[in-house]
Amino acid sequence: MSETLILAGARTPFASWSFGLTGRGAPGGALKELDPQDLAAAALKGALTAANLAPRDVNFIAFGNMYQVGPHGCYGARYVGHRAGCPPETSGVAVSLACGTGLLALTTAANAISRGEASIAAAVGADTPSRLRRDIFVPSFTDISCGKHIAKTAEERAGEAKLSRAAMDAWALRSHMKARAAATLRASEIVPIAGLSDDDAILGDPTADSFEKAKLLFSDGTAVMTHANVHGIVDGAAAILLGSAEMGQRLGLRPRARIRAFADIGSEPTVMLTGPADAANKALRRAGMRAAEVDLWEINEAFSAVVLRFVEVLGL
């Protein structure tokens, strides 16, 4: 099995969807005219530029697209390659996994490298909820296996774990503050598109008071999840280029990272709160590492309760 390197990456801005507001309170939808393939192709072009590679260098594309838009969404991976300028023989597949679609694209592309099926592979993820019918998009947040909204299952488990709303609000505020402070990092990775050059969902002036006054998601139960301490809904895309160590050396590319291990795990539909931590522990075991050896963690902040529980379980 070949070692898999991450060579370069780029992304579009993440824009508040058309049914929401930006971080400064203006109507969202800055990217609503573009479909996921347009956004994904722009991100892929940016990644190629960052790696000083040409579209013809890409052998394989894994396109993560959770919500297919329109009748042609099933051809998404092919369209991304075509619109990014890749030759017709560049193969591609589309993958989907709730909350983990981009990561599934990454592992799919990494597997193509490690098995020797591609020397340069692209992992691309994109979604545009602005272009979905609300009667399709909104119900997707309810898990019919248990008949509950996924945020409700997280809220119930958060209550059992004694995670307070104050702690969730504090984490959400911290998250926005860190995002605001990362302007230089964002500028280095964002490919401007449709007149937008930066994320617009970050709160313009986040304060503790704005989180304390936020509307509750649910009026019953522990009542700790609000519209402010859960994830935003945005349109956007990101792309990562992967290659074998041999190809990276041949091209003179300095890798950004090496992939050591990855893992996924299933859980009861009502126990989504701890799933990410369980998967991370599984990946650590595969890599032969301890949590304390990891210098940087990125956790999908679907709900701040999930992150707080993750930090507690892994002792970060």
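Arg309 is partly exposed in this predicted model, with a relative accessible area of 22%. The residue belongs to helix α11, which covers residues 304-314. The chain that carries Arg309 contains 11 helices and nine strands, and its radius of gyration is 20 Å. No disulfide is found anywhere in the structure.

**Surroundings of Arg309**

- Leaving aside residues up to four places away in sequence, Arg309 touches Ala161, Leu163, Leu273 and Thr274.
- Ala158 and Arg309 are 151 residues apart along the chain, yet their C-alpha atoms are separated by 7.9 Å.
- Because its relative accessible area of 22% is not under 20%, the cut-off for buried, Arg309 counts as partly exposed.

**Overall fold and dimensions**

- The secondary structure of the chain consists of 11 helices and nine strands.
- The chain is as compact as a globular protein of its length, because its radius of gyration of 20 Å is close to the 20 Å that the globule rule gives for 316 residues.
- Measured out along the principal axes, the C-alpha trace spans about 55 × 45 × 40 Å.
- Among contacts in the chain with a separation of 6 or more, 78% are accounted for by residues 24 or more positions apart.

**Burial, surface and charge**

- Buried residues make up 45% of the 316 residues of the chain.
- The accessible surface of the chain amounts to about 16,100 Å², and carbon and sulfur atoms contribute 53% of that surface.
- The chain has 32 positive and 32 negative charges, and the mean positions of these two sets are 2 Å apart.

**Cysteines**

- A search of the whole structure returns zero disulfides; Cys74 is in none, and the nearest cysteine sulfur to its own, that of Cys86, is 19 Å away.
- A disulfide is a covalent bond between the sulfur atoms of two cysteines.
- The sulfur of Cys86 has its closest cysteine sulfur in Cys74, and the separation of 19 Å is too far for a bond; the cut-off for a disulfide is a pair of sulfur atoms within 2.5 Å.
- Cys74 counts as partly exposed, at 47% relative accessibility, whereas Cys86 is buried, with a relative accessible area of 6%.
- The value for Cys86 is under 20%, so this residue falls in the buried class, while the 47% of Cys74 is not over 50%, so Cys74 does not count as exposed.

Note on methods
Residues numbered from 1 in each chain as written. Predicted model: local features only at pLDDT ≥ 70, side-chain atom pairs only at ≥ 80, totals over all residues. Heavy atoms only, no water. Buried < 20%, exposed > 50% of the residue type's maximum accessible area, 1.4 Å probe, protein only. Helix = DSSP H or I, 4+ residues; strand = E, 2+ residues; numbered from the N terminus. Rg over C-alpha atoms; globule rule 2.2 N^0.38 Å. Contact = heavy atoms within 4.5 Å. Areas by Shrake-Rupley, 256 points an atom, 1.4 Å probe, with all protein chains shown as cover. Lys, Arg positive; Asp, Glu negative; His and termini not counted. Charge placed at Lys NZ, Arg CZ, Asp CG, Glu CD.
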